[in-house]
Amino acid sequence: MGNLLVTGGAGFIGSNFVHHVVEHTDHHVTVLDALTYAGNRESLAGLPSERVDLVVGNITDAPLVDELFGRADAVVHYAAESHNDNSLHDPRPFLDTNIVGTYTLLEAARKHDTRFHHISTDEVYGDLELDDPDRFTENTPYNPSSPYSSTKAGSDLLVRAWVRSFGVRATISNCSNNYGPYQHVEKFIPRQITNVIRGVRPKLYGAGENVRDWIHADDHSSAVLTILDQGRIGDTYLIGADGEKSNKDVVELILELMGEPADAYEHVTDRAGHDLRYAIDSTKLRTELGWTPSYGDFESGLTATIAWYRDNEAWWAPTKDGVEAFYATKGQ
Ligand code: NAD
Ligand code: TDX
């Protein structure tokens, strides 16, 4: 049993990880989260207080970070500004949190010799053509497109430099698109589900041909725990579950599963610089560390996610109108 410090543990994937850790391990978890617009303490509701503490604070606050690293056996770093559309509107918070925040954590890991796992994204590799037979691997060159993905790429490179220059005991994982409970309604899948619940037509950027490689957040969590336990220091692991789907196919499936005609959506203004396709080859993680995903079937995972949003309107309703007002200003 150990003390895990989880940054961003009140966000979407971080909170799914905290639930996973409480269910599957004996670790104690301290969450460090600034509770930005994307963080929600309700995402940790119901977890036993003797297993989980929430410290509301910023990862750029060096004295606070130093104190928390002094008490941690390992750190898993999820905290980030995470939404591409926001990064096109106002990039500055992305530099502060994703770059300066990660730097602040790395300096504490260096001082306390703390085991550190950095959570990143497949977007650092740029995008693929629809018919490209290759997928991203650990050897794909970095080629990020957006302010969001470029700051994530920068944070990955900082981690690599702190491993090589200062001997920090870190690993990195780059995961594909996550879905599941507790995801903010600004993101694609929850936005469309909550639109349908509200009687609004789903909004597809451009033609909807863009492809994302979907993985359930709980599978991301099991992969991160595997890397934390068995990963080789200094190594990068790609996490994915062979879940490639076009956005159009996902919208049609949501509509079908929610009892609406499959064509009851509308096309809206495309995202600037919109990455065409992401696809992950997770062979290294599967063969070297023996990880496999549990949610093989996207349709049943999506059905459960739709049920979660139907059952938890109190969790998402307070943010829905503000998100839609923001998108309306962009013609989206
Ligand atoms: P999210 O936006 O839902 O959550 C981010 C959390 O970080 C929030 O709770 C927020 O309050 C917190 N936070 C933001 N700035 C902070 C700061 N300065 N100090 C402390 N806390 C701060 O994001 P998410 O979708 O859960 O993504 C989590 C991580 O996973 C990110 O690093 C992201 O790059 C990565 N990732 C996400 C996906 C995806 O599909 N969503 C895929 C691959 C990787
Ligand atoms: O209303 C929408 N309509 C639409 O067609 C929204 C919000 C999105 N889209 C499209 C854009 C993307 O092609 O859906 C796809 C998914 O969009 P997002 O949910 O914004 O995710 P994406 O930009 O792919 O990035 C996500 O995966 C990688 C996360 O937000 C990142 O944090 C992660 O790094």
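Helices and strands here are DSSP runs, with a helix needing at least four residues and a strand at least two, and they are numbered from the N terminus. With that in hand, D113 can be placed: it sits in the loop between α4 (92–112) and β5. Everything below comes from a predicted model.

**View 1. D113, a loop residue with a positive phi.**
Zoom in on the loop between α4 (92–112) and β5, where D113 is found. Its phi is near 50 degrees, a positive value, and D113 is not a glycine. As a bit of background, most residues other than glycine have a negative phi. Is D113 buried, exposed or partly exposed? D113 counts as partly exposed because its relative accessibility is 45%, and that class lies between the buried limit of under 20% and the exposed limit of over 50%.

**View 2. L35, another positive phi in a loop.**
Now hop over to the loop between β2 (28–33) and β3 (52–56), the home of L35. The phi of L35 is near 50 degrees, again a positive value in a residue other than glycine. At 24% relative accessibility, L35 ends up in the partly exposed class.

**View 3. Strand β5 and its two covered faces.**
Here is strand β5, residues 115–121, with seven of its seven residues buried. Which residues of β5 point which way? R115, H117, I119 and T121 head one way, F116, H118 and S120 head the other, and all of them are buried. The general pattern behind this is that in a regular strand the side chains alternate between the two faces of the sheet.

**View 4. β4 between β1 and β5.**
Strand β4 (residues 74–77) is parallel to β5, and four bridges join the two. For register, look at A74, whose bridge partner in β5 is R115, and at V76, which stands opposite H117. On the β1 side, strand β1 (residues 3–7) also runs parallel to β4, with four bridges joining them. There, L4 stands opposite A74. What about the faces of β4, and which residues cover each side? A74 and V76 lie on one side, V75 and H77 on the other, and all are buried.

**View 5. From β5 to β6 by way of α5.**
Strand β6 (residues 170–175) runs parallel to β5, and six bridges hold the pair together in the DSSP picture. One spot to find is T121, which stands opposite C175 in β6. To get from β5 to β6 the chain passes through helix α5 (residues 147–166), and this β-α-β crossover is right-handed.

**View 6. The shell around ligand 1.**
Ligand 1 has 28 residues around it, and the nearest are I13, D33, S82, Y148 and K152. Three polar contacts are worth picking out. A polar side-chain atom of D33 lies 2.6 Å from an oxygen atom of the ligand. T36 comes in with a backbone N or O atom, 3.0 Å from an oxygen atom of ligand 1. N58 uses a polar side-chain atom, 2.9 Å from a nitrogen atom of ligand 1. On its own, ligand 1 has 830 Å² of accessible area, and the protein covers 96% of that. Which elements supply the shell? α1 (12–24), β5 and α5 each give at least two residues, and β5 has the largest share with three residues. Sorted by class, the shell splits into 13 nonpolar, 13 polar and two charged residues.

**View 7. The shell around ligand 2.**
Around ligand 2 there are 22 residues, with T121, E123, Y148, R271 and H274 coming nearest. Two side chains reach its oxygen atoms: a polar side-chain atom of R191 lies 2.7 Å from one, and a polar side-chain atom of N177 lies 2.9 Å from an oxygen atom of ligand 2. For K203 it's a backbone N or O atom instead, at 2.8 Å from a nitrogen atom of the ligand. The protein covers 94% of the 650 Å² of accessible area that ligand 2 has on its own. Helix α6 (188–197) and strand β8 (203–205) each contribute at least two residues to the shell. How many residues fall in each class around ligand 2? The shell has six nonpolar, nine polar and seven charged residues.

Technical notes. Residues numbered from 1 in each chain as written. Chains lettered and ligands numbered in written order. Predicted model: local features only at pLDDT ≥ 70, side-chain atom pairs only at ≥ 80, totals over all residues. Heavy atoms only, no water. Near = heavy atom within 4 Å. Polar contact = N/O pair within 3.5 Å; in protein donor to acceptor, adjacent residues only side chain to side chain. Areas by Shrake-Rupley, 256 points an atom, 1.4 Å probe, with all protein chains shown as cover. Nonpolar A, V, L, I, M, F, W, Y, C, P; charged D, E, K, R; others polar. Buried < 20%, exposed > 50% of the residue type's maximum accessible area, 1.4 Å probe, protein only. Pairing = 2+ DSSP bridges. Right-handed = clockwise from strand over helix to strand, strands pointing away.
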